[in-house]
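Welcome! Here is a friendly first walk through a protein model, meant for someone who has not met it before.

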Amino acid sequence: MKLIYGLILAVLMALPARAEVNIQSVESPGGLTAWLVEDHSIPFVALELRFRGGASLDRPGKRGSVNLMTALLEEGAGDMDSRAFSKASEALATSFGFDASRDDVSVSARFLTENRAPSVALLRAALTEPLFDEASIERVRGQVLSIIQSDAKDPDDIASETFDRIAYGDHPYASSLNGTLDSVAALTRDDLVAARKDVMARDRVYIGAVGDITPEELGALVDELLGDLPETGAPMPPRADVTIPGGVTVVDFPTPQSVAVFGQKGIAQDDPDFFAALLLNHVLGGGSFESRLMNEVREKRGLTYGVYSYLVARDLAEVYMGSVSSSNDRIAEAIEVIRAEWAKAAENGITQEELDAAKTYITGAYPLRFDGNAPIANILVGMQLLGLPIDYIATRNDKVEAVTLADVKRVAGELLDPEGLQFVVVGQPEGLQSTTSN
């Protein structure tokens with residue numbers, strides 16, 4: 001069975017990118033909606049579930065509870081302890097994945113058609129009857145505490161967490177989903193049970209499936225898997241009030257190289273100007289070695305190995321961020337160049353040649369995402385979470401191509417705020433002092 005599963009995975013990895021994806025909307029008898037791409041060429045199904053809210057639903061004083069709960073879902077269920085659960089999934093050549101983010105808890109399942117029923121039963125037990133035994137709680141708690149301790153010594157993590165505190169204030173986004181040493185140490189089994197009920201509810205689940213399954217079979221599977229979950233979960237938190245002051249925040253850290261993250265307010269993915277912003281960012285800092293920031297900061301001046309910018313559109317906030325690292329004696333110059341390029345793009349936009357190259361890359365790279373059942377299932381739930389129409393895949397590149405040079409120039413002027421950029425620098429930078437409090 002292991003050999004069969006391995007062969008299937010190898011075939012999936014070798015599949016060419018799919019230019020067309022036929023998505024069906026399936027409503028289960030129990031009233032749940034799932035998106036399906038049928039593919040009967042291989043006796044295999046990839047199933048993706050996403051529960052909106054994620055670690056943002058941690059209760060007051062219980063930071064890290066959703067993350068710890070999620071990590072324990074594969075550590076035993078029903079009458080099976082961790083070892084028995086692992087052996088059962090291995091015997092079925094079934095794989096499960098559980099992960100918590102700020103905005104959702106994701107559940108991934110991969111199983112052979114012939115083992116569909118027992119695989120679904122096993123996953124159902126994990127979702128509805130997790131064991132949460134003390135031995136597993138303490139073992140996984142120790143792993144999380146180790147991660148928290150490691151992050152506290154990592155300049156990149158320090159920079160990111162400092163920026164989040166500045167940007168998001170008292171919103172859950174302002175703190176690590178892992179929690180703190182104190183909050184995680186204090187979590188009880190009852191806290192984990194409460195976290196599961198808060199997050200894993202029918203009113204916030206999104207479902208995508210790809211592979212050897214019919215709409216009727218998927219509807220029955222969904223009800224079998226999720227029918228016993230609570231109808232509603234905890235209330236969603238409000239949108240974050242993003243307030244990012246321009247300036248520099250220095251966090252002293254003994255290292256010869258400073259790490260910096262920078263950012264400003266961003267743009268929502270459902271904004272009509274999002275694709276213009278996407279193309280703008282590709283030219284400015286998202287296009288790797290072809291970007292303006294890489295050219296000016298690395299190629300011309302040798303200030304860094306890499307500098308990047310990226311749009312971050314979360315469920316409850318949008319920011320436009322970037323990252324760079326440089327030696328302590330040169331990070332100030334790198335920041336100066338980045339701010340200058342931000343100002344140049346804000347004032348003048350980009351060139352037609354740059355726009356054409358960005359369109360070629362972004363439209364050409366898009367089909368490469370659809371390289372197997374699992375990636376497509378993941379895209380299906382992502383589309384639903386964003387409220388995108390079911391035909392979005394077929395029309396997305398047309399939206400990119402429709403962006404004009406005038407559109408990008410206008411959006412650059414409206415979006416880019418060089419004076420509003422906040423740089424969080426972790427290290428011992430020369431010639432830089434904090435101008436904002438952290």
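The report below goes through the sheets, a helix, the cores, two buried residues and the salt bridges.

## Strands and sheets

Please keep in mind from the start that this is a predicted model.

A good place to begin is the open sheet, where six strands are arranged in the order 1-2-8-3-7-6 with mixed pairing. At its edges stand strand 1 (24-27) and strand 6 (95-100), and each has a single partner strand, so one side of each is left without a neighbour in the sheet. On average, neighbouring strands of this sheet are turned by 20° against each other, direction ignored.

Inside the order given above, strand 3 (residues 44-52) and strand 7 (residues 104-112) run antiparallel and are joined by nine bridges. If you want a spot to look for, A46 has R110 in strand 7 as its bridge partner. As background, strands of a sheet pair through backbone hydrogen bonds, either parallel or antiparallel.

Further along the chain comes strand 12. How much of strand 12 (residues 318-327) is buried? Seven of its 10 residues are, so this strand is largely enclosed by the rest of the structure. Strand 10 (residues 257-265) runs antiparallel to strand 12, and nine bridges join the two. In this pairing, A260 stands opposite V324. Strand 11 (residues 307-313) also pairs with strand 12 in the antiparallel sense, over seven bridges. Here L311 is found opposite Y320. A hairpin of four residues leads from strand 11 to strand 12.

## A helix to follow

Helix 14 (residues 373-386) has 14 residues, which at 1.5 Å a residue should span 20 Å; the C-alpha atoms at its ends are 20 Å apart, which agrees. Its buried residues include I376, A377, I379, L380 and M383. In general, an α-helix has 3.6 residues a turn, so residues three or four places apart point the same way. After helix 14 comes G387, with a positive phi near 75°.

## Two nonpolar cores

The largest nonpolar core has 60 residues, and the ones that touch the most other members are I338, W342 and L416. Leaving aside neighbours within four places in sequence, I338 is in contact with F262, L293, V297, V307, V324 and F423. A second, separate core holds 53 residues, among them V26, L36, L122 and L192. As a general point, nonpolar side chains tend to be buried together in soluble globular proteins.

## Two buried residues

Y173 lies in the loop between helix 6 (155-168) and helix 7 (181-186). Is Y173 buried or exposed? Its relative accessibility is 0%, so Y173 counts as buried. Not counting residues up to four places away in sequence, Y173 touches several others, including S56, R102, D164, A240, R314 and L316.

The other residue, D198, belongs to helix 8 (residues 189-199). With a relative accessible area of 8%, D198 is under the 20% cut-off and therefore buried. Beyond its neighbours within four places in sequence, D198 is in contact with L57, R59, R204, G233 and A234. Y173 and D198 are 25 residues apart along the chain, and their C-alpha atoms are separated by 18 Å.

## Salt bridges

How many salt bridges does the structure hold? There are 23. Three of them are set out here.

| Salt bridge | Closest N to O distance |
|---|---|
| K62 and D191 | 3.4 Å |
| E354 and R292 | 2.8 Å |
| R330 and E333 | 3.9 Å |

The pair K62 and D191 links distant parts of the chain: K62 is in the loop between strand 3 and helix 2 (65-71), while D191 is in helix 8, 129 residues apart. K62 is partly exposed at 29% relative accessibility, whereas D191 is buried at 13%.

E354 and R292 also link distant parts of the chain, with E354 in helix 13 (residues 352-365) and R292 in helix 11 (residues 292-299), 62 residues apart. E354 has a relative accessible area of 23% and is partly exposed, whereas R292 has 13% and is buried.

As for the remaining pair in the table, R330 is partly exposed with a relative accessible area of 29%, and E333 is partly exposed at 32% relative accessibility.

Finally, a network of salt bridges links E48, R50, D104 and R110. You have already met R110, the bridge partner of A46 in strand 7.

Definitions and conventions:
Residues numbered from 1 in each chain as written. Predicted model: local features only at pLDDT ≥ 70, side-chain atom pairs only at ≥ 80, totals over all residues. Heavy atoms only, no water. Buried < 20%, exposed > 50% of the residue type's maximum accessible area, 1.4 Å probe, protein only. Pairing = 2+ DSSP bridges. Axes fitted to C-alpha atoms, helices over the stretch in contact; angles between N-to-C directions. Expected span 1.5 Å × (residues − 1). Contact = heavy atoms within 4.5 Å. Core = buried A, V, L, I, M, F, W, Y, C linked by side-chain atoms within 4.5 Å. Salt bridge = Lys/Arg side-chain N within 4 Å of Asp/Glu carboxyl O.
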